[in-house]
Amino acid sequence: MNPPKSESPRLDFGRLTGYIGYNVRLAQSAIFRDLSRSLRGLGVTPGEFSLLTVLEANPRVNSVTLSRVYGLDKTTLSLSLKRLTQRGLIQTTRSDDDRRYYALHLTAEGRRLLRKVTGQIEKQERAMDAVLRPGERERLLQLLGRIAGAFQR
(Lines give C-alpha, C1' and ligand atoms only; values in the text may rest on other atoms or scores of the structure.)
Protein backbone atom coordinates (compact mmCIF):
# COMPACT_ATOMS: atom_id res chain seq x y z
CA MET A 1 0.00 0.00 0.00
CA ASN A 2 1.36 3.41 -0.99
CA PRO A 3 1.53 6.12 1.65
CA PRO A 4 -0.91 8.99 1.06
CA LYS A 5 0.53 11.88 -0.89
CA SER A 6 0.77 14.96 1.24
CA GLU A 7 -0.21 18.28 -0.22
CA SER A 8 2.12 21.20 0.09
CA PRO A 9 0.94 23.51 2.82
CA ARG A 10 -0.76 26.64 1.55
CA LEU A 11 0.78 29.87 2.67
CA ASP A 12 -0.41 33.43 2.60
CA PHE A 13 2.46 35.45 1.17
CA GLY A 14 0.95 38.72 2.31
CA ARG A 15 2.30 41.74 0.48
CA LEU A 16 5.13 39.79 -1.19
CA THR A 17 3.10 38.94 -4.28
CA GLY A 18 2.67 42.65 -5.04
CA TYR A 19 6.38 43.43 -4.88
CA ILE A 20 8.32 43.65 -8.13
CA GLY A 21 11.53 42.46 -6.48
CA TYR A 22 9.85 39.37 -5.07
CA ASN A 23 8.33 38.45 -8.43
CA VAL A 24 11.60 39.03 -10.29
CA ARG A 25 13.32 36.78 -7.75
CA LEU A 26 10.67 34.03 -8.20
CA ALA A 27 11.08 34.16 -11.96
CA GLN A 28 14.88 34.21 -11.72
CA SER A 29 14.87 31.23 -9.34
CA ALA A 30 12.62 29.20 -11.64
CA ILE A 31 14.73 30.06 -14.68
CA PHE A 32 17.96 29.26 -12.83
CA ARG A 33 16.67 25.87 -11.60
CA ASP A 34 15.55 24.90 -15.10
CA LEU A 35 18.81 26.09 -16.63
CA SER A 36 20.93 24.31 -14.03
CA ARG A 37 19.13 21.05 -14.85
CA SER A 38 19.64 21.44 -18.59
CA LEU A 39 23.32 22.42 -18.21
CA ARG A 40 24.22 19.75 -15.64
CA GLY A 41 25.35 17.27 -18.29
CA LEU A 42 27.54 19.90 -19.91
CA GLY A 43 29.32 20.74 -16.66
CA VAL A 44 28.78 24.49 -16.91
CA THR A 45 27.05 26.79 -14.45
CA PRO A 46 24.94 29.74 -15.61
CA GLY A 47 27.65 32.08 -14.29
CA GLU A 48 30.33 30.26 -16.29
CA PHE A 49 28.15 30.47 -19.39
CA SER A 50 27.94 34.22 -18.86
CA LEU A 51 31.72 34.50 -18.53
CA LEU A 52 32.36 32.37 -21.62
CA THR A 53 29.90 34.47 -23.61
CA VAL A 54 31.55 37.73 -22.55
CA LEU A 55 35.01 36.33 -23.33
CA GLU A 56 33.88 35.25 -26.78
CA ALA A 57 32.48 38.72 -27.47
CA ASN A 58 35.53 40.48 -25.97
CA PRO A 59 38.64 38.49 -26.82
CA ARG A 60 41.72 39.52 -24.85
CA VAL A 61 39.76 41.32 -22.12
CA ASN A 62 41.52 41.27 -18.74
CA SER A 63 40.20 40.17 -15.35
CA VAL A 64 40.34 43.71 -13.92
CA THR A 65 37.86 44.89 -16.54
CA LEU A 66 35.66 41.84 -15.97
CA SER A 67 35.58 42.34 -12.20
CA ARG A 68 34.54 45.98 -12.69
CA VAL A 69 31.80 45.13 -15.19
CA TYR A 70 30.43 42.22 -13.14
CA GLY A 71 30.78 44.06 -9.84
CA LEU A 72 32.68 41.11 -8.38
CA ASP A 73 35.72 41.16 -6.20
CA LYS A 74 38.85 39.89 -7.93
CA THR A 75 39.08 36.79 -5.72
CA THR A 76 35.62 35.52 -6.67
CA LEU A 77 36.23 36.12 -10.35
CA SER A 78 39.72 34.58 -10.15
CA LEU A 79 38.27 31.32 -8.82
CA SER A 80 35.86 31.07 -11.75
CA LEU A 81 38.57 31.92 -14.25
CA LYS A 82 40.91 29.37 -12.66
CA ARG A 83 38.27 26.61 -13.01
CA LEU A 84 37.67 27.51 -16.66
CA THR A 85 41.42 27.57 -17.33
CA GLN A 86 41.97 24.19 -15.64
CA ARG A 87 39.23 22.72 -17.81
CA GLY A 88 40.98 24.01 -20.93
CA LEU A 89 38.13 26.35 -21.84
CA ILE A 90 40.07 29.61 -21.62
CA GLN A 91 43.70 30.67 -21.89
CA THR A 92 45.58 33.60 -20.48
CA THR A 93 48.41 35.46 -22.18
CA ARG A 94 50.28 38.61 -21.26
CA SER A 95 48.44 41.65 -22.53
CA ASP A 96 50.13 43.42 -25.43
CA ASP A 97 48.77 46.75 -24.18
CA ASP A 98 49.88 46.44 -20.56
CA ARG A 99 52.27 43.66 -19.57
CA ARG A 100 51.01 43.77 -15.96
CA TYR A 101 47.72 42.17 -17.05
CA TYR A 102 46.75 38.87 -18.57
CA ALA A 103 44.45 38.83 -21.58
CA LEU A 104 41.75 36.15 -21.54
CA HIS A 105 40.37 34.29 -24.50
CA LEU A 106 38.43 31.14 -25.30
CA THR A 107 40.20 28.02 -26.48
CA ALA A 108 38.81 25.91 -29.33
CA GLU A 109 37.30 23.61 -26.67
CA GLY A 110 35.79 26.64 -24.94
CA ARG A 111 34.16 27.76 -28.19
CA ARG A 112 32.79 24.24 -28.83
CA LEU A 113 31.31 24.03 -25.34
CA LEU A 114 29.89 27.53 -25.58
CA ARG A 115 28.05 26.57 -28.80
CA LYS A 116 26.45 23.58 -27.04
CA VAL A 117 25.49 25.60 -23.98
CA THR A 118 24.14 28.45 -26.10
CA GLY A 119 21.85 25.93 -27.78
CA GLN A 120 20.40 25.02 -24.37
CA ILE A 121 20.06 28.68 -23.40
CA GLU A 122 18.25 29.47 -26.63
CA LYS A 123 15.92 26.52 -26.09
CA GLN A 124 15.00 27.95 -22.70
CA GLU A 125 14.57 31.41 -24.23
CA ARG A 126 12.10 29.94 -26.75
CA ALA A 127 10.16 28.35 -23.87
CA MET A 128 9.92 31.75 -22.17
CA ASP A 129 8.92 33.41 -25.44
CA ALA A 130 6.10 30.86 -25.78
CA VAL A 131 4.34 32.26 -22.69
CA LEU A 132 4.63 35.87 -23.87
CA ARG A 133 2.48 37.66 -26.40
CA PRO A 134 3.99 39.42 -29.42
CA GLY A 135 5.98 42.45 -28.31
CA GLU A 136 6.00 41.49 -24.64
CA ARG A 137 9.57 40.18 -24.69
CA GLU A 138 10.94 43.49 -25.91
CA ARG A 139 8.77 45.41 -23.43
CA LEU A 140 9.83 43.15 -20.54
CA LEU A 141 13.51 43.63 -21.41
CA GLN A 142 13.01 47.40 -21.55
CA LEU A 143 11.26 47.48 -18.19
CA LEU A 144 13.85 45.28 -16.50
CA GLY A 145 16.61 47.42 -17.97
CA ARG A 146 15.01 50.56 -16.55
CA ILE A 147 14.70 48.97 -13.13
CA ALA A 148 18.30 47.76 -13.21
CA GLY A 149 19.46 51.19 -14.34
CA ALA A 150 17.71 52.84 -11.41
CA PHE A 151 19.94 50.90 -9.02
CA GLN A 152 23.30 51.27 -10.80
CA ARG A 153 26.04 52.67 -8.65
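Trainee: In this protein, what percentage of the contacts with a separation of 6 or more is accounted for by residues 24 or more positions apart?

Mentor: The model under discussion is predicted. Among contacts in the protein with a separation of 6 or more, the share in question is that of residues 24 or more positions apart. That share comes to 52%.

Trainee: In what order do the elements of the protein run from the N terminus on?

Mentor: The secondary structure comprises six helices and three strands. Read from the N terminus, these elements follow the order α-α-β-α-α-β-β-α-α.

Trainee: Why is the protein described as more spread out than a compact globule?

Mentor: The C-alpha trace spans about 65 × 50 × 35 Å along its principal axes. After the count of six helices and three strands, the radius of gyration can be set against the globule rule, which gives 15 Å for 153 residues. The protein is more spread out than a compact globule because its radius of gyration is well over that value, at 20 Å.

Trainee: What percentage of the 153 residues counts as buried?

Mentor: The accessible surface comes to about 11,700 Å², and carbon and sulfur atoms hold 55% of it. A residue counts as buried under 20% relative accessible area. By that criterion, the buried part of the 153 residues is 22%.

Trainee: At what angle do helix α1 and helix α5 pack?

Mentor: Two packed helices are described by the angle between their axes and the distance between the axes. For α1 (residues 20-39) and α5 (residues 108-130), the axes lie 10 Å apart, and the crossing is right-handed. The angle is about 145 degrees.

Trainee: Which residues in α5 are met by I31, D34, L35, S38 and L39 in α1?

Mentor: The residues of this contact divide into six nonpolar, three polar and one charged. On the α5 side, the residues met by those five in α1 are V117, Q120, I121, Q124 and M128.

Trainee: Which residues in α4 do S63, L66 and S67 in α3 meet?

Mentor: The axes of α3 (residues 63-70) and α4 (residues 74-86) come within 10 Å and cross at roughly 115 degrees, in a right-handed crossing. The contact residues divide into three nonpolar, two polar and one charged. Those in α4 are K74, L77 and L81.

Trainee: Is T92 buried, partly exposed or exposed?

Mentor: T92 is found in strand β2 (residues 90-94). Beyond its neighbours within four places in sequence, T92 contacts Y102, A103 and L104. Its relative accessible area is 39%, and since the range from 20% to 50% is the intermediate class, T92 is partly exposed.

Notes
Residues numbered from 1 in each chain as written. Predicted model: local features only at pLDDT ≥ 70, side-chain atom pairs only at ≥ 80, totals over all residues. Heavy atoms only, no water. Axes fitted to C-alpha atoms, helices over the stretch in contact; angles between N-to-C directions. Helix = DSSP H or I, 4+ residues; strand = E, 2+ residues; numbered from the N terminus. Left-handed = near helix turned anticlockwise from the far one by under 90°. Contact = heavy atoms within 4.5 Å. Nonpolar A, V, L, I, M, F, W, Y, C, P; charged D, E, K, R; others polar. Rg over C-alpha atoms; globule rule 2.2 N^0.38 Å. Buried < 20%, exposed > 50% of the residue type's maximum accessible area, 1.4 Å probe, protein only. Areas by Shrake-Rupley, 256 points an atom, 1.4 Å probe, with all protein chains shown as cover.
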